[in-house]
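Trainee: Hi, have you got a few minutes to walk me through this structure? I'd like to get my bearings before I go back to the bench.

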Amino acid sequence: MVEKARLSHRLTHGELVTLLAGGGADGALFAAADRVRREQVGEEVHLRGLIEFSNLCRQDCLYCGLRRSNPGVRRFQLAIGEILEMAREAAESGYRTVVLQSGESAAYPTGAMVELLHGLKALGLTVALSVGEKTRREYEAYRRAGADRYLLRIETTDARLYERMSPGMSWANRVRCLMDLRRLGYEVGTGCLVGLPGQSLASLADDLLFFQALDADMVGIGPFIPNPETPLGAAAPGSLALSMKMMALARLLLPDINIPATTAMEVLHPQGRLLALMRGANVAMPNATSGPARSLYALYPGKVCAQETPRHCRSCFGEKIQSLGRPIGTGNGARIRS
Ligand code: SF4
């Protein structure tokens with residue numbers, strides 16, 4: 001099955017479930033994902049500077065520390081000038097791409113986002129947004145103002161599980177957002193959480209087939225990490241091994257896409273991101289947020305490098321990548337279709 005996937009980039013739902021269940025093929029799976037990564041997207045590791053600019057959120061996802069019902073969060077909202085200053089520093093540190101991430105809120109109306117995007121583009125940066133569900137009109141305005149990419153994880157393709165985990169949100173609307181982004185010409189990133197309470201292997205296999213059907217340009221996969229300040233605080237964490245298998249399978253099914261080594265993997269293993277880079281990943285998103293905002297954006301506990309400076313983070317992680325014998329990407333790391 002692994003060899004079939006390596007050559008054809010196709011697996012059935014049943015085959016995906018079998019591979020996710022293990023059965024002694026994990027080593028072969030990881031080796032195949034690493035080989036496909038090398039053949040299709042090369043050795044470069046692309047770094048994106050992550051700027052977490054506000055932890056305000058109107059949503060109430062059960063697994064997330066930023067949920068509106070969490071009274072323990074000190075909320076912040078950076079001014080446009082502060083965000084642009086962080087982006088300028090990121091550009092000076094060598095980043096060609098920044099990812100602007102926030103909770104879902106109306107704190108930055110369309111006009112403010114357009115002003116922000118114009119400022120980011122004036123710095124010569126490729127810009128990815130990760131600011132949640134918006135109307136098509138808003139996505140259009142961001143795109144016209146220069147946004148290149150948009151990250152919106154589906155989280156799970158099990159609609160009932162999704163709506164149980166995110167009360168008041170609609171799975172159909174999530175899919176509508178992804179379709180709008182696709183039609184508007186963004187590079188579209190999506191992904192899922194692995195290990196949500198009630199999630200099955202069959203559901204994870206559905207997630208992988210969904211990424212393929214969407215023709216996602218980037219897929220980010222992270223293990224569920226219980227946050228004690230949320231209703232799921234006592235739940236078991238997701239499995240690192242299963243998350244890695246999901247990531248490796250995503251590489252086999254979508255060979256030329258960008259796949260990040262997610263920081264959540266490093267919460268479960270001190271070398272989690274490096275391991276991910278050896279099992280199909282080709283992107284990392286070091287934190288380029290500075291000041292108090294850096295530690296106040298806490299989706300889950302144990303966030304890595306929360307006290308470091310952006311410059312330190314980039315050089316430290318850059319050295320780790322080079323220790324793998326892999327170069328840091330010099331371009332903007334757009335998906336190049338094979
Ligand atoms: S997962 Fe996103 S939308 Fe849900 S509460 Fe957290 S920040 Fe808000």
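Mentor: Sure! One term up front: a residue is called buried if 20 or more other C-beta atoms lie within 10 Å of its own, with C-beta atoms placed from the backbone. Also keep in mind that this is a predicted model.

Trainee: Good to know. How many residues of strand β3 are buried, then?

Mentor: Strand β3 covers residues 126-130, and 4 of its 5 residues are buried, so by that cut-off the strand is mostly covered.

Trainee: Which strands does β3 pair with?

Mentor: One partner is β2, residues 97-102, which pairs with β3 in the parallel sense over 5 bridges. In that pairing, Q101 stands opposite S130 of β3. To get from β2 to β3, the chain passes through helix α5 (residues 110-122), making a right-handed β-α-β crossover.

Trainee: And the other partner?

Mentor: That is β4, residues 149-151, which runs parallel to β3 and is joined to it by 2 bridges. There, L129 stands opposite Y150 of β4. Helix α6 (residues 136-144) goes with these two strands, and β3, α6 and β4 form a right-handed β-α-β unit.

Trainee: What is the strand order in the sheet?

Mentor: The order is β6-β5-β4-β3-β2-β1-β7, an open sheet of 7 strands with parallel pairing. At the edges are β6 (218-223) and β7 (283-284), each of which pairs on one side only.

Trainee: Remind me what holds strands together in general?

Mentor: Strands of a sheet pair through backbone hydrogen bonds, either parallel or antiparallel.

Trainee: Tell me about β1. How many of its residues are buried?

Mentor: 9 of the 9 residues in β1 are buried. The strand spans residues 46-54 and runs parallel to β2, with 6 bridges joining them. Two of the facing pairs there are R48 with T97 and G49 with V98 of β2. The route from β1 to β2 goes through helix α4 (residues 80-92), and this β-α-β crossover is right-handed.

Trainee: What about the side of β1 that faces β7?

Mentor: β1 and β7 also pair in the parallel sense, over 2 bridges. L47 has A284 in β7 as its bridge partner.

Trainee: Let's zoom out. How many helices and strands does the protein chain have?

Mentor: The protein chain has 14 helices and 7 strands. Its radius of gyration is 19 Å, close to the 20 Å that the globule rule gives for 338 residues, so the chain is as compact as a globular protein of that length. The C-alpha atoms fill a box of roughly 50 × 40 × 40 Å along the principal axes.

Trainee: What share of the residues is buried?

Mentor: Buried residues make up 47% of the 338 in the protein chain. As for contacts between residues at least 6 apart in sequence, 78% of them join residues at least 24 apart.

Trainee: Switching topic: which residues surround the ligand?

Mentor: The ligand is surrounded by C57, Q59, C61, C64, L66, R67, G103, E104, G132 and S166. By class, that shell has 4 nonpolar, 4 polar and 2 charged residues.

Trainee: I also marked a few loop residues. Is Q199 buried or exposed?

Mentor: Q199 is buried, because it has 21 other C-beta atoms within 10 Å and the cut-off is 20 or more. It lies in the loop between β5 (187-194) and α9 (201-214). Leaving aside neighbours within four places in sequence, Q199 is in contact with T156, D158, L161 and L204.

Trainee: And where is I257?

Mentor: I257 is in the loop between α10 (240-253) and α11 (263-268). I257 is buried too, with 25 other C-beta atoms within 10 Å. Beyond its neighbours within four places in sequence, its contacts are A216, D217, M218, V219 and R335. I257 and R337 are 80 residues apart in sequence and 7.7 Å apart in space, C-alpha to C-alpha.

Trainee: Last one: why does D206 count as partly exposed?

Mentor: D206, in helix α9, has 18 C-beta neighbours inside 10 Å, and a residue needs 20 or more to be buried and 12 or fewer to be exposed, so D206 falls in between.

Trainee: Great, thanks for the tour!

Terms used: Residues are numbered from 1 along each chain as its sequence is written. This is a predicted model: local features need pLDDT of at least 70, side-chain atom pairs count only at pLDDT 80 or more; totals for chains, interfaces and linings use all residues. Helices (H or I, at least four residues) and strands (E, at least two) are DSSP runs, numbered from the N terminus. The radius of gyration is taken over C-alpha atoms; the globule rule is 2.2 Å times the number of residues to the power 0.38. Two residues are in contact if their C-beta atoms, placed from the backbone, lie within 7 Å. Two strands pair if DSSP finds at least two bridges between them. A crossover is right-handed if, with the strands pointing away from the viewer, the path from the first strand over the helix to the second runs clockwise. A residue is near a molecule or strand if its C-beta atom, placed from the backbone, lies within 6 Å of it. Ala, Val, Leu, Ile, Met, Phe, Trp, Tyr, Cys and Pro count as nonpolar, Asp, Glu, Lys and Arg as charged, and the others, Gly among them, as polar.
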